[in-house]
Structures are given as structure tokens and as C-alpha cells.
Amino acid sequence: MKLSFRVNSKIEVLDVEPLTPLIEVLRDRLALIGAHQGCTGDNCGACTVLVNDVPVYACQVPVCQVDDAEVRTVEGLTADAERLAPLQEALAKAGATGCGFCTPGMLMIGLALRQRQPRPGPEELRELLSGNLCRCTGYEAIVQAMLEVME
Ligand code: FES
Ligand code: FES
């Protein structure tokens with residue numbers, strides 16, 4: 001199947017098996033390895049990307065569902081690869097990362113919430129982050145760092 005979609009504002013046209021998980025297309029075909037493949041089972045959120053500004057588990061989305069859509073990955077957080085986006089900077093400064101495996105997914109959740117609502121409260125952020133697991137940080141530092149950026 002030939003399909004086209006935008007990834008981080010760039011149009012991609014691919015010939016691909018329609019049921020291929022989006023995460024595999026991003027990582028293996030487009031070399032966008034920021035979104036991680038963790039459980040591949042709808043549990044961890046490490047693969048979170050935005051499709052038309054909505055966070056999704058990219059391991060659960062067949063690529064045919066993003067035909068004509070806008071996909072955003074952690075690589076698209078900033079136009080300048082040499083600089084960190086504000087959310088990234090905040091997590092780094094707050095020491096809100098451990099191994100970093102969950103971090104791209106967490107950042108996409110933060111971005112989605114920020115786009116949806118300029119000043120979210122801790123409960124809204126915690127609720128949206130509840131599908132993203134972190135084994136290292138205990139979550140509080142992530143929540144606090146993100147809220148500071150969104151104030
Ligand atoms: S890799 Fe997609 S939810 Fe875990
Ligand atoms: S920083 Fe290691 S899983 Fe979150």
C-alpha cells in the first residue's frame with residue numbers, strides 16, 4: 001500500500017504493508033528512533049507519539065491509520081537539533097530522567113497537554129501521564145518539571 005503522511009512537518013511517501021505498526025515504520029523505515037519500542041503490548045507508553053496532536057501508542061497503530069495524518073515524534077520537538085526544547089530542558093535541569101527510556105513518550109504527553117491547555121494543573125498532567133511507565137524517577141520530578149514549563 002502506498003501512503004503519505006507528514007512526520008514532524010515533512011511529507012513521507014511510503015510503500016508499506018498496511019498493518020505494520022507505526023512504531024516500526026518510524027524506527028525502521030524513517031530512522032526516527034526517538035520513540036522507543038518497549039512492551040509492544042499497549043502497556044508502557046515508551047512508544048508514544050502524536051497523531052493529529054493526540055497521543056497514541058505507536059506500537060498499537062497500524063500505519064494505514066496515519067494515511068494523510070500529521071505525526072509528531074520527539075525528534076520534532078525542536079527545529080534545531082543542537083538545542084533542547086523547553087520541556088526537554090526542564091526535565092534535564094530537574095534531574096527528571098534516569099535511564100531515559102520513557103522520556104520521549106513522557107515529552108510527547110507534555111507537548112500534547114501543553115497544546116491542549118496552556119496552564120494545566122498537576123491532576124490533569126498526572127492523568128495524561130498515567131499510561132506512561134517510568135521505572136527510574138518516581139514520576140514526581142517529571143510532573144514538577146513539566147508544570148514549571150507550562151506555568
Ligand atoms: S511499546 Fe507501545 S505501549 Fe509499550
Ligand atoms: S527514566 Fe528510566 S524508565 Fe523513566
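The following paragraphs describe two helix-helix packings and the surroundings of two buried residues in a predicted model.

In the first of the helix pairs, helix α2, which spans residues 86-93, approaches helix α3, which spans residues 103-116, so that their axes come within 10 Å and cross at roughly 125°. Because this angle falls in neither the parallel, the antiparallel nor the perpendicular range, α2 and α3 are classed as oblique to each other, and their crossing is right-handed. On the side of α2 the contact is formed by Pro86, Leu87, Gln88 and Leu91, while α3 contributes Thr103, Leu107, Gly110, Leu111 and Arg114. Divided by class, the residues of this contact comprise five that are nonpolar, three that are polar and one that is charged.

Helix α3 also packs against helix α4, formed by residues 122-129, with the two axes 10 Å apart and an angle of about 135° between them. The pair formed by α3 and α4 is therefore likewise oblique, and the crossing of these helices is right-handed. Here α3 contributes Met106, Ile109, Leu113 and Arg116, which meet Glu124, Leu125, Leu128 and Leu129 of α4. The contact of α3 with α4 contains six nonpolar and two charged residues, with no polar residue among them.

Outside these helices, Val63 is located in the loop that connects β4 (54-57) with β5 (70-72). The relative accessible area of Val63 is 0%, and this residue therefore counts as buried, the limit for that class being under 20%. When neighbours within four places in sequence are set aside, the contacts of Val63 are with Leu3, Phe5, Val16, Glu17, Pro18, Thr20, Leu22 and Val25. A further relation across the sequence is that between Val63 and Leu26, which are separated by 37 residues along the chain and whose C-alpha atoms lie 9.4 Å apart in space.

The second buried residue, Glu12, belongs to strand β2, which comprises residues 10-15. With a relative accessible area of 14%, Glu12 is buried, since this value lies below the limit of 20%. The side chain of Glu12 is joined to that of Lys10 by a polar contact of 3.4 Å. Apart from neighbours within four places in sequence, Glu12 is in contact with Leu3, Ser4, Phe5, Val7 and Leu30. Leu3 and Phe5 thus appear in the surroundings of Glu12 as well as in those of Val63.

Note on methods
Residues are numbered from 1 along each chain as its sequence is written. Chains are lettered from A and ligands numbered from 1 in the order in which they are written. This is a predicted model: local features need pLDDT of at least 70, side-chain atom pairs count only at pLDDT 80 or more; totals for chains, interfaces and linings use all residues. Side-chain values use heavy atoms; hydrogens and water are left out. Axes are lines fitted to C-alpha atoms, for helices over the stretch in contact, and angles run from 0 to 180 degrees between N-to-C directions. Helices (H or I, at least four residues) and strands (E, at least two) are DSSP runs, numbered from the N terminus. Angles under 35 degrees count as roughly parallel, over 145 as roughly antiparallel, 65 to 115 as roughly perpendicular and the rest as oblique. A crossing is left-handed if the near helix is turned anticlockwise from the far one by less than a right angle, and right-handed if clockwise. Contact means heavy atoms within 4.5 Å. Ala, Val, Leu, Ile, Met, Phe, Trp, Tyr, Cys and Pro count as nonpolar, Asp, Glu, Lys and Arg as charged, and the others, Gly among them, as polar. Buried means under 20% relative accessible area, exposed over 50%, partly exposed in between (1.4 Å probe, protein chains only). A polar contact is a pair of N or O atoms within 3.5 Å; within protein, one must be able to donate a hydrogen and the other to accept it, and residues adjacent in sequence count only if both atoms are side-chain atoms.
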